[in-house]
Amino acid sequence: QVSAPKPAAKPSTPASKVEDPKNMYNGFQHVSYEVAVRPSTPSGFVNMRWAPSKSADVQCIYYADTVLQVLATNGVWSQVYDMMTDQCGFIMNEYLNKYLY
């Protein structure tokens with residue numbers, strides 16, 4: 001008796017929802033300005049991630065008013081640099097306040 005091969009299982013996440021690692025860095029513009037970290041709650045913290053994605057691993061955390069240098073931004077994420085710890089990563093723009101001089 002011969003059995004027909006089973007069809008491949010469908011992915012649980014639609015392909016349009018999966019982040020393409022080749023494209024996650026597209027659209028970033030080089031900039032240079034300082035920002036202060038602004039958590040959603042005064043006693044909270046903000047995650048710096050290894051890549052511009054909420055699913056990327058957390059590299060370190062920052063509390064309110066920590067000053068960081070923005071190196072690039074795409075409108076949603078900023079690539080930031082911490083001069084005190086020599087750390088570089090990504091934080092969502094909604095958690096950053098740009099300093100106006």
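The questions and answers below go through a predicted model of one chain.

Residues are numbered from 1 along each chain as its sequence is written, and side-chain values use heavy atoms, with hydrogens and water left out. Because the model is predicted, local features need pLDDT of at least 70 and side-chain atom pairs count only at pLDDT 80 or more, while totals for chains, interfaces and linings use all residues.

Me: What is the average pLDDT of the chain?
Reply: pLDDT is the predictor's confidence in each residue, from 0 to 100. In this chain 76% of the residues score at least 70. The average over the chain is 84.

Me: Over which residues is the pLDDT below 50?
Reply: The strands are not the place to look, as even strand S7 (residues 96-98), where confidence is lowest, has a mean of 94. The stretch in question has 1 contact in the model beyond near neighbours in sequence, a contact being heavy atoms within 4.5 Å. Where pLDDT is low, the predicted coordinates should not be read in detail. The stretch is residues 10-18.

Me: How many strands does the chain have?
Reply: Helices (H or I, at least four residues) and strands (E, at least two) are DSSP runs, numbered from the N terminus. The chain has 0 helices, and its pattern along the sequence is β-β-β-β-β-β-β. The number of strands is 7.

Me: Which residue in S4 is the bridge partner of valine 35?
Reply: Two strands pair if DSSP finds at least two bridges between them. Strand S1 (residues 29-37) pairs with strand S4 (residues 67-73) in the antiparallel sense, over 6 bridges. The partner of valine 35 in S4 is leucine 68.

Me: Which residue in S7 stands opposite valine 35?
Reply: S1 is also joined to S7, and these two strands run antiparallel with 3 bridges. The residue opposite valine 35 in S7 is lysine 98.

Me: Which residue takes a positive phi in the hairpin of S4 and S5?
Reply: S4 and S5 pair in the antiparallel sense over 4 bridges, and one bridge there puts threonine 73 with serine 78. The hairpin has 3 residues between the strands. The residue with a positive phi, near 95°, is glycine 75.

Me: Is valine 76 buried or exposed, or in between, and at what relative accessibility?
Reply: Valine 76 lies in the loop between S4 and S5. Leaving aside neighbours within four places in sequence, valine 76 is in contact with Met92 and Asn93. Buried means under 20% relative accessible area, exposed over 50% and partly exposed in between (1.4 Å probe, protein chains only). Valine 76 therefore counts as partly exposed, at 45%.

Me: What is the phi of aspartate 86?
Reply: S5 and S6 pair in the antiparallel sense over 6 bridges, with tyrosine 81 and cysteine 88 as bridge partners. Aspartate 86 is in the loop between S5 and strand S6 (87-92), in a hairpin with 4 residues between the strands. Aspartate 86 is exposed because its relative accessible area is 56%. Its phi, positive in a residue other than glycine, is near 60°.

Me: Where does aspartate 65, with a positive phi of about 75°, lie?
Reply: Aspartate 65 has this positive phi although it is not a glycine. With a relative accessible area of 60%, aspartate 65 is exposed. Its place is the loop between S3 and S4.

Me: Which strand gives the largest share of the nonpolar patch?
Reply: The patch, about 370 Å² of surface, is made by Phe45, Val58, Ile61 and Tyr63. Patches are made of residues with over 30% relative accessible area and no salt bridge, like charges being joined within 9 Å and nonpolar side chains (Val, Leu, Ile, Met, Phe, Trp, Tyr) within 5 Å. A salt bridge is a side-chain nitrogen of Lys or Arg within 4 Å of a carboxyl oxygen of Asp or Glu, and accessible areas come from the Shrake-Rupley method with a 1.4 Å probe, where for residues only the protein chains shown count as cover. The largest share, 3 residues, comes from strand S3 (residues 58-63).

Me: What is the relative accessibility of tyrosine 63?
Reply: Tyrosine 63 lies in strand S3. Not counting residues up to four places away in sequence, tyrosine 63 touches Val37, Pro39, Ser43, Gly44 and Phe45. Tyrosine 63 counts as partly exposed because its relative accessibility is 46%.

Me: What percentage of the residues count as buried?
Reply: The accessible surface of the chain is about 7,400 Å², and 55% of that belongs to carbon and sulfur atoms. Of the 101 residues, the buried part is 31%.
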